[in-house]
Structures are given as structure tokens and as C-alpha cells.
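Reader: Could you take me closely through the aromatic pairs in this model, and then through the helix that comes just after one of them? I would like a careful account of what the rings do and where they sit.

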Amino acid sequence: MAVEMPTYLVQEKFAKLKFSEYVSLDNSSTPSTPLTPDTPSILPPPEPFSIEKIKPRDTEKVLEFLRNFFFRDEPLNVNIKLLEGEQTCPDLEEFSLKAIKDNVSLMAITDSGKIIGVSLNGIIERNVTGDDLNVTDPKFSKILGLLTYVDREADVFGRYPDVDKMILVEILSVDGSWRGQGIAKKLMNKTRDLAREQGVKLMRVDCTSHFSAKAIARLGFECIYRLKYEDYKENGLPVFDPEAPHKEVTVYIQKIGE
């Protein structure tokens with residue numbers, strides 16, 4: 001069934017959400033995209049690396065990484081030409097970095113200080129609204145409209161009445177030159193550890209990419225919601241039409257044991 005959507009005003013209650021929709025795990029031809037998280041390593045890492053928490057002082061380095069390895073490759077950004085003729089989108093950057101303040105975001109960083117992967121994770125609590133986000137870019141507003149709709153329809157807290165807090169993987173992205181080193185899997189495993197430490201019972205990842213969804217499923221996540229892009233419409237027309245094989249947005253969850 002097609003979904004007929006009116007034009008959105010982005011509301012404050014959804015401002016904290018989210019870029020888990022924007023998980024960057026594509027194994028397509030772009031140089032920034034890694035293979036799936038469980039791809040076996042063929043060669044040893046070019047340089048030793050570790051998984052560390054992202055601190056506020058790391059913000060600029062993380063932003064530089066996202067500009068190089070995520071923003072220009074994400075399927076919806078590409079489809080609506082979000083960055084066409086522009087170096088970046090300030091609304092996109094602000095939105096992407098909001099999760100850092102929750103102190104559960106991670107980076108893979110080499111011994112020489114180069115960031116080679118990030119997992120930007122936010123903590124979402126039942127009945128707690130996010131910070132206000134003043135969006136001025138009309139293209140980015142379309143993306144936020146979709147994310148808001150998906151969040152409402154997926155209704156994760158409604159599906160899991162015993163859960164009052166979850167970790168949302170907002171962006172997961174790896175430098176493509178480091179593919180095959182299991183970096184994304186290590187980032188996700190450490191995220192799961194942080195969730196356990198904080199008593200969080202659920203991890204959530206929303207995927208706009210076909211390859212992202214396959215990768216997350218291989219890590220044992222369960223798909224609880226999907227929406228085909230052709231069914232998300234405004235004024236009778238689909239809002240997004242990404243190139244194949246990106247045909248739907250999906251919501252994945254994983255329960256976290258003690």
C-alpha cells in the first residue's frame with residue numbers, strides 16, 4: 001500500500017532522531033564504502049588501530065571523516081543531490097554530530113591518530129524529547145520527514161513495552177581503504193558492550209542502504225519494519241528514488257542480554 005505523506009514540519013520531539021538510517025556499509029563502487037562487517041581479513045591491518053570513545057575534542061576530526069567517507073555516498077543524499085555544488089550541508093553536519101554528547105559514540109583510530117571508522121550512537125529514552133533542531137535546507141527537510149515517519153510507524157517502544165531506553169546506531173561508516181579488517185563489526189561489538197554497561201536492553205539500526213541492511217542482518221539483528229521508497233509519497237509522487245539496489249528503508253533491532 002502506498003503511503004501518502006503531507007509536507008513535514010520537523011517537530012522537536014524527533015529532533016534527536018537520527019542517522020542510524022544512514023548506516024554506511026555499502027560494498028558498492030564508491031571508494032569510501034567498506035565490505036560487510038563479517039568480511040574476513042585477507043591481509044593484516046596496514047597499521048594497528050583501537051576502538052575508542054569519541055570525545056567532544058574529536059568533533060572536527062570526526063566531521064572531516066564524515067565529509068570524506070559518508071556524506072557524499074549515502075543513497076538518499078545522492079538521490080536528492082543534497083550536496084550538489086556544495087562542499088557540505090550545515091544541517092546535515094549538525095544533525096550527524098548530535099549524538100556525540102551522549103558519550104556512547106565510538107571511533108576506530110590508528111596508532112598514528114587517523115580515524116578509519118566511526119559509530120555515532122545516541123541514547124533514546126521513552127517519552128523524552130530531543131533537542132530542538134532548526135532545519136533550513138529544504139532538501140534535508142525531506143530526509144528528516146522520512147526519518148520522522150519511519151520512527152513513528154516502526155514504533156519501537158510500542159513493540160517493546162519493557163524497554164525504556166535504547167541505543168540508536170545513527171551512523172556507522174568505515175574508510176574503504178580499510179575494508180576486510182572487521183572494523184564495523186568491532187565498532188558494533190563495543191557499542192553493545194557500552195549498552196550493557198548502561199543497562200540498555202535494545203540496540204537499533206535503521207538502514208537506507210540495501211548493503212547496510214544485509215550487513216546488519218548478518219550481525220544478528222532482526223528487521224521489524226520496512227518501507228519501500230516508492231510507497232513514501234508527497235502530492236501523489238514518490239519523494240525518493242535511489243539507484244538500485246536501494247529500494248527501501250529498514251529498521252533493525254537486537255536485544256541485549258546481561
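Author: In this predicted model, counting the rings whose centres lie within 6.5 Å gives seven aromatic pairs. One of them joins F49 and W178, whose ring centres are 5.9 Å apart and whose planes stand at 90 degrees, so the pair is edge-to-face. F49 belongs to strand 2 (residues 49-53), while W178 sits in the loop between strand 5 (165-174) and helix 6 (183-197), so this contact ties together parts that are 129 residues apart in sequence. Both F49 and W178 are buried.

A stacked pair is formed by Y232 and F240, with 6.3 Å from centre to centre and 15 degrees between the planes. Y232 has a relative accessible area of 0% and is therefore buried, and F240, at 1% relative accessibility, counts as buried too. Y232 and F240 also belong to one aromatic cluster together with Y149 and Y229.

To return to the loop that holds W178, the element that follows this loop is helix 6. Helix 6 has 15 residues and spans 21 Å from its first C-alpha to its last, which is close to the 21 Å expected at 1.5 Å a residue. Its buried residues are I183, A184, L187, M188, T191, R192, L194 and A195, a list that includes the charged residue type Arg at R192. After helix 6 comes G199, which has a positive phi, near 75 degrees.

Definitions and conventions: Residues are numbered from 1 along each chain as its sequence is written. This is a predicted model: local features need pLDDT of at least 70, side-chain atom pairs count only at pLDDT 80 or more; totals for chains, interfaces and linings use all residues. Side-chain values use heavy atoms; hydrogens and water are left out. Rings of Phe, Tyr and Trp (its six-membered ring) pair if their centres lie within 6.5 Å; planes under 30 degrees apart count as stacked, over 60 as edge-to-face and the rest as tilted. Helices (H or I, at least four residues) and strands (E, at least two) are DSSP runs, numbered from the N terminus. Buried means under 20% relative accessible area, exposed over 50%, partly exposed in between (1.4 Å probe, protein chains only). The expected span of a helix is 1.5 Å times one less than its number of residues.
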